[in-house]
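The following exchange concerns the terms applied to a protein model. Each reply sets a value beside its cut-off.

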Amino acid sequence: MILMDMQVGSTLEFDYVNRSGLVVRSQGIELVSGSFLQFYAPGWTKGYYSSNWNDQTITRRPDGSLLVTFKSGDGKAEGTQTYWPSPMGFRIDCNYLWRGDEPCLVESTIGLLKLRPFTKFSAGQKPQDFGPARKGDEVARRLAADPQRSFVFSGPSREVTVSSTLPFIAFDARGYEQEWARRQDLLWLGHPAIELKKGVPVSYSVTVEHPIRMAPMLRDKAISATFAPLKQAVKPWEPRGVRDMQLSGKPKLEWRGLHLFVGPQSEAVHAKLARDVLPKLKINKVLLQCEQSRWSSLKTDTLKNFTDLASLKRIFDTYRKNGIEPIPLIQSFGHMEWFFAGGQNRDLAFNPLVPYAIDPRKPEAVAAILKIWDEAIKVLKPKEIHFGLDEVDMRGAPDDPALTTELWRKMIPQLAAYADSKKLPWMLWGDQMLGPGQAPDAALGDSVAEAAKRREVVPKTATITDWHYLNNPNPAVYNNVALWKQWGFRQIGSVWNRPDNVYGYTHAIINHGERGMLQTTWAGYYLSERSMLDNWGQYASTVLLADYSFSGRKERPKDLPYKPETVLRDLWFGGERRTLAGSAVIWDTSAAPTDVPEGQIVLQKPLRFYDTYQGGEPFTSYTFDLPNEVSEIKIMLRARNPVVEGKSVLLATIGEEDESVHYGWDVRVKDDLRPLFRAQNGPDGTSVVTIRFETGSGPNLVLKQLDDEAALEIMAITLVPHGKSR
């Protein structure tokens, strides 16, 4: 991301990132971490355009302004946001236009304002304190005030005034269930429901202002340290792993699966899952969404993140060797952006302007997807296949349920006949075949009558992988289970990263004696270790599904004797080690060693890095002389402010080697109680991070804070000399 150079003298720097939205910084510190624009039907029954899922045109102009242009593929939704710098901040001119006949509303986010720098807000009255984080989904009680034309947000070192010619809301998103709200403690600022009428433009302006506050000069500090010997700097530690789970005896459900993507960097991740993780969790199926692969009938040479077929075959073979059955999922109707990538095959799309679904009325379109399936079956040799088929009319289709049904009834029999010709059982998602009231959520069949017409053409030999992500622990809520059984279909319940969803839906499936459960992961369209670390909670949810689907245990997730993130950490990062001697770094006063799970440390008076919100010690790095070459260091630390999950907050450097410490992986703030997964949780919100070096050859150790928002503090450092063997 490049911040604008033209804003010399302005107190705010801003930029717009494609598909992510507005980013605002003050003296290098991020205050706004995104925005989005949604054109939608009343009641959110249909989305017409989303800036999260479509590209924007971003023009940075010589006068320092920035023009963002939005347009849907069908040309019905369009708009612009123009950002104008000013000495005190910037102004946004917003212009939106709807050309469709359908009713349309716009949700326009001004920005996702980080709450941590601010303790008070004012909406034309005496400043009020922000209360504790709110829980639950009730919208009204999360509003800071009624819609206003101006809000002032203030804190010890920051003050921001946001004004709009159109009244807007400030929505407290702490603990909110939406995925965008899980980054940090955020306030959603914006206009949630602007009504648009066909051909009538809507325009308004927003100003964001921020008074200048001088920041101190930050510098390095050299620490004169001594070193105290530790006989057990490293101690053997056996991870608990799955010992607190109930995975013995006869499973309650015979089908226990995990949905994963592939990708050019995924092979090693899949191998580790197949070898070290999933067998221990008694997961026996993986549903591998693999359409984004280099099929010979597609032009993929210039496309990124497509998986080589040789690698894909090895992934499938690795799972089989470890007793896990891999099932390929290739979207075969909607969600076909991969099929149209690079501009190819648009003539086979239902709507070439919004190439999302193929048109089953075109024989050549059906032949093209079946040709890909021919290759997949030949290379992968599956025992079962999955055609996808969820949300088939989500983009580029008119609001015409009867037409969707017509296309569905054209496509499904052809796929069913194909599976029969290959003598392969097949699966599909269930959302398009459920009408209102026939499920707690994700009933996208438009009406009970249309949903029934769609079910009529699905043979009872198919398995419905029915996804419902409502975070509700009551099995009775999942009325879809009884309905599918009544209709004569086999089914697999499909859940997401919501603990009570996993509990409630799994018990509903068990209670009705159905086939099994599937944990879905939606963390991008290709898998890598980085994406896994960035979305650790999604993958850790598999632990819950494994336990409940195998044992049927009755404890709710909050009452289990383990945390899923910790179990996955033990399986992924755990390993036995032997006792090693080392030394504690002493910069304040020597004390008795303190035991932590993997060894010993000596607690010291905390070394504090600069806190951009509260001020304090103006140090951005600390340097320690080393007594010898080092193979690893162990650091006890804590952050005073939260930052984005996975963000690098500390760099440890010895000579030419350096390693990063990441927020959420290795360190958190005291009141962030979520488990870490690359480090051990210590007392009082601390963590103990182990950093290993190849040679550790250098005269000193430098610990540099990479993000002054984090405001780290170091309580202890242990050194292990180079040459110690594991």
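The questions below treat exposure, salt bridges, cavities and a pocket in turn.

Q: What kind of model is this, and how are residues numbered?
A: The model is predicted: local features need pLDDT of at least 70, side-chain atom pairs count only at pLDDT 80 or more, and totals for chains, interfaces and linings use all residues. Residues are numbered from 1 along each chain as its sequence is written, and side-chain values use heavy atoms, with hydrogens and water left out.

Q: Why is Trp53 called exposed?
A: Exposed means over 50% relative accessible area, buried under 20%, and partly exposed in between (1.4 Å probe, protein chains only). Trp53 has 53% relative accessibility, so Trp53 counts as exposed. This residue is found in the loop between strand E5 (47-50) and strand E6 (57-60); strands (E, at least two residues) and helices (H or I, at least four) are DSSP runs, numbered from the N terminus.

Q: Which residues make the nonpolar surface patch with Trp53?
A: Tyr525 and Tyr526 join Trp53 in a patch of about 350 Å². Patch residues have over 30% relative accessible area and no salt bridge, with nonpolar side chains (Val, Leu, Ile, Met, Phe, Trp, Tyr) joined within 5 Å and like charges within 9 Å. The areas come from the Shrake-Rupley method with a 1.4 Å probe.

Q: What makes the pair Asp55 and Arg19 a salt bridge?
A: A salt bridge requires a side-chain nitrogen of Lys or Arg within 4 Å of a carboxyl oxygen of Asp or Glu. The closest N and O atoms of Asp55 and Arg19 are 2.8 Å apart, and the pair therefore meets the definition. Asp55 lies in the loop between E5 and E6, and Arg19 in the loop between strand E1 (13-17) and E2, 36 residues apart. Arg19 is partly exposed, because its relative accessible area is 35%.

Q: Is Glu102, which pairs with Lys76, buried or exposed, and how do you know?
A: Glu102 has a relative accessible area of 19%, so Glu102 is buried. Lys76, at 25%, counts as partly exposed. Their side chains meet in a salt bridge of 3.0 Å, N to O.

Q: Why is the salt bridge of Lys198 and Asp101 said to tie together parts of the chain?
A: Lys198 lies in the loop between strand E15 (186-196) and strand E16 (202-209), and Asp101 in the loop between E9 and E10, so the pair ties together parts 97 residues apart in sequence. The closest N and O atoms are 2.6 Å apart. Asp101 is exposed because its relative accessible area is 65%.

Q: What makes a space a cavity, and how is the lining of the second largest cavity composed?
A: On a 1 Å grid over the protein atoms alone, a cavity is a set of points where a 1.4 Å probe fits but cannot get out, whereas a pocket is an open set with protein on both sides within 12 Å along at least five of seven lines; lining residues have an atom within 4 Å of a point. The second largest cavity has a volume of about 100 Å³. Its lining comprises 12 nonpolar residues, 1 polar and no charged.

Q: Which element gives the largest share of the lining of the second largest pocket?
A: Strand E36 (687-692) supplies the largest share, 5 residues. That pocket holds about 560 Å³ of space. Its lining has 9 nonpolar, 6 polar and 9 charged residues, where Asp, Glu, Lys and Arg count as charged, Ala, Val, Leu, Ile, Met, Phe, Trp, Tyr, Cys and Pro as nonpolar, and the others as polar.

Note on methods. Grid points are joined across faces, edges and corners, and a volume is the space filled by probe spheres set on the points.
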